Amino acid sequence: MLSPNGKLHRRALVAAVLEGRGDMAVIAGLGAPAWDITAVGDTALNLPLWGGMGGAAMIGLGLALAQPERRVLVITGDGEMLMGVGSLATISVQGPKNLSILVCDNEHYGETGMQETATGHGVDLVAMARGAGIKHTMFVTKPDEVAGLRAAIHAGAGPFFAVAKIDAETLPLVLPPREGVILQSRMREAILGPAANLE
Amino acid sequence: MQRSDLEAAPRASADWPDRIYDLLKAYNVKQVALVPDAGHSRLIKRCLADNEMRVVTLTTEEEGIAMMSGAWLGGQRGVLLMQSSGVGNCINMLSLATLHRTPMPMLVTMRGDFGEFNPAQVPMGQATQPVLEAMGTLVNRADSPDDIAACVEATLKFAYNTYRPTATLIGQRVIGAKTFGKD
């Protein structure tokens with residue numbers, strides 16, 4: 001669970017959170033979170049994003065509202081969440097019980113040369129989520145907190161928002177399919193059945 | 001001059017907002033994302049009064065593009081209501097519609113268009129259609145009340161049947177220009 005320098009290892013964290021995920025749908029923000037969920041195991045219920053920076057949480061909201069009985073998890077990075085931070089207000093007002101957002105916070109823009117993000121300079125995304133009115137939040141830095149994080153995500157008592165501080169190491173790429181039509185269609189078919197392709 | 005005369009909202013006698021609402025029902029639209037505009041105020045009221053529609057007020061219009069993507073993943077149809085200035089906020093997020101081939105109809109009330117008073121509305125108002133088209137959106141434009149329902153229906157049909165972003169621009173000539181009492 002820990003990387004060599006003592007911080008949470010992002011892929012071990014994501015693997016632990018997704019363990020026993022059942023029919024949970026997972027949206028991953030572009031960059032490392034998309035590679036992380038793919039490294040754990042590519043499935044039709046994964047939507048790894050290749051673009052749309054700032055939109056991951058709102059994709060999660062649209063899906064959660066359309067499928068209120070299904071748990072939806074958005075896993076994204078600190079840079080992506082900061083770009084769409086207003087969506088925390090939108091999500092809080094809608095209040096979907098089945099939506100969780102996990103920010104894997106390495107305090108850097110990892111795909112562009114590891115430039116620093118605002119979260120490395122005291123900007124607190126959990127406080128911003130609470131300020132938006134999301135009452136159920138967690139801030140995770142240690143391995144012994146991860147079981148609680150997983151339980152909160154799987155509980156379906158959202159909207160739930162968590163930040164996990166992770167190591168900023170750059171891991172080998174594990175790329176999902178790049179064709180967006182495949183990514184969207186396979187998730188629709190997994191959720192809606194073959195009839196989705198005839199809509 | 002009354003406050004109601006300052007807002008660029010359709011006259012109470014105009015029935016096109018109700019006809020748009022009827023079309024949203026006919027096309028089974030369940031998620032209505034919006035940043036308010038006076039031109040859409042009556043339509044918004046109709047949607048809010050409908051328990052089968054989820055009205056989501058956004059902090060910025062690009063959230064609505066992402067939300068329509070999620071709605072479609074979950075088998076629901078969405079629509080985005082906004083003013084022309086909001087189109088500028090959507091540009092990069094519209095990539096999702098082309099990338100995933102997602103139906104994303106947008107109903108846009110125009111400012112900076114026909115007889116505008118406010119200089120700040122003009123740059124984005126004049127850029128609205130080229131920006132949408134540059135991002136692959138099929139655009140219909142309605143400049144008379146009689147044309148609005150037909151354009152909106154084509155916009156919904158084209159989006160849901162052919163899986164792409166589409167828009168109807170409702171011209172300021174129809175809605176009226178805000179004058180802030182200076183006309």
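**Entry 1: T119(A)**

I started with T119(A), which sits in the loop of chain A between β6 (115–116) and α6 (125–131). A note to myself before going on: this is a predicted model.

Is T119(A) buried or exposed? I looked up its relative accessibility and found 4%, so T119(A) counts as buried; the cut-off for buried is under 20%.

Next I checked what its side chain does. I found a polar contact with the side chain of D105(A) at 2.8 Å. I also found one with the side chain of T117(A), at 2.9 Å.

Then I listed what T119(A) touches, skipping residues up to four places away in sequence. I got D78(A), L82(A), D105(A), E107(A), L125(A) and K165(A). So D105(A) turns up as a touching residue and as a polar partner.

**Entry 2: K165(A)**

K165(A) was on that list, and I followed it up. I found K165(A) in strand β8 of chain A, which covers residues 160–165.

Which side chain does the side chain of K165(A) meet in a polar contact? I found the side chain of E107(A), at 2.6 Å.

Lysine or not, K165(A) is buried: I read a relative accessible area of 18%, and the limit is under 20%.

Leaving out residues up to four places away in sequence, I noted that K165(A) touches L8(A), D105(A), E107(A), T119(A), F139(A), V140(A) and T141(A). D105(A) and E107(A) are in this list and also in the one for T119(A).

I also looked at K165(A) and L18(A), which are 147 residues apart along the chain. I got 17 Å between their C-alpha atoms.

**Entry 3: helix α3 of chain A**

How many of the residues of helix α3 are buried? I counted 11 of the 11, residues 56–66, so this helix is largely enclosed by the rest of the structure. I wrote down some of the buried ones, including A56(A), M58(A), I59(A), G60(A), L63(A) and A66(A).

A reminder for reading any helix picture: an α-helix has 3.6 residues a turn, so residues three or four places apart point the same way.

**Entry 4: chain A as a whole**

I zoomed out and found eight helices and eight strands in chain A. Of its 199 residues, 54% count as buried.

I tried the globule check. With 199 residues, a compact globule would have a radius of gyration near 16 Å, and chain A has 16 Å, which agrees. Along its principal axes, I got a C-alpha trace of about 50 × 35 × 30 Å.

For contacts in chain A with a separation of 6 or more, I found that 72% come from residues 24 or more positions apart. The chain exposes about 7,700 Å², with 57% of that supplied by carbon and sulfur atoms.

On charge, I noted 15 positive and 19 negative side chains in chain A, with the centres of the two sets 5 Å apart.

**Entry 5: chain B**

I repeated the look-ups for chain B and found nine helices and six strands. Its radius of gyration is 15 Å, close to the 16 Å from the globule rule for 183 residues, so chain B is as compact as a globular protein of that length.

I noted that 55% of the 183 residues count as buried. Of contacts between residues at least 6 apart in sequence, 77% join residues at least 24 apart.

The accessible surface of chain B is about 7,400 Å², and carbon and sulfur atoms hold 49% of it. My last note is on charge: chain B has 18 positive and 19 negative side chains, and the centres of the two sets lie 3 Å apart.

Notes
Residues are numbered from 1 along each chain as its sequence is written. Chains are lettered from A and ligands numbered from 1 in the order in which they are written. This is a predicted model: local features need pLDDT of at least 70, side-chain atom pairs count only at pLDDT 80 or more; totals for chains, interfaces and linings use all residues. Side-chain values use heavy atoms; hydrogens and water are left out. Helices (H or I, at least four residues) and strands (E, at least two) are DSSP runs, numbered from the N terminus. Buried means under 20% relative accessible area, exposed over 50%, partly exposed in between (1.4 Å probe, protein chains only). A polar contact is a pair of N or O atoms within 3.5 Å; within protein, one must be able to donate a hydrogen and the other to accept it, and residues adjacent in sequence count only if both atoms are side-chain atoms. Contact means heavy atoms within 4.5 Å. The radius of gyration is taken over C-alpha atoms; the globule rule is 2.2 Å times the number of residues to the power 0.38. Accessible areas come from the Shrake-Rupley method with a 1.4 Å probe; for residues, only the protein chains shown count as cover. Lys and Arg count as positive and Asp and Glu as negative; His and the chain ends are not counted. The place of a charge is taken as NZ of Lys, CZ of Arg, CG of Asp or CD of Glu.
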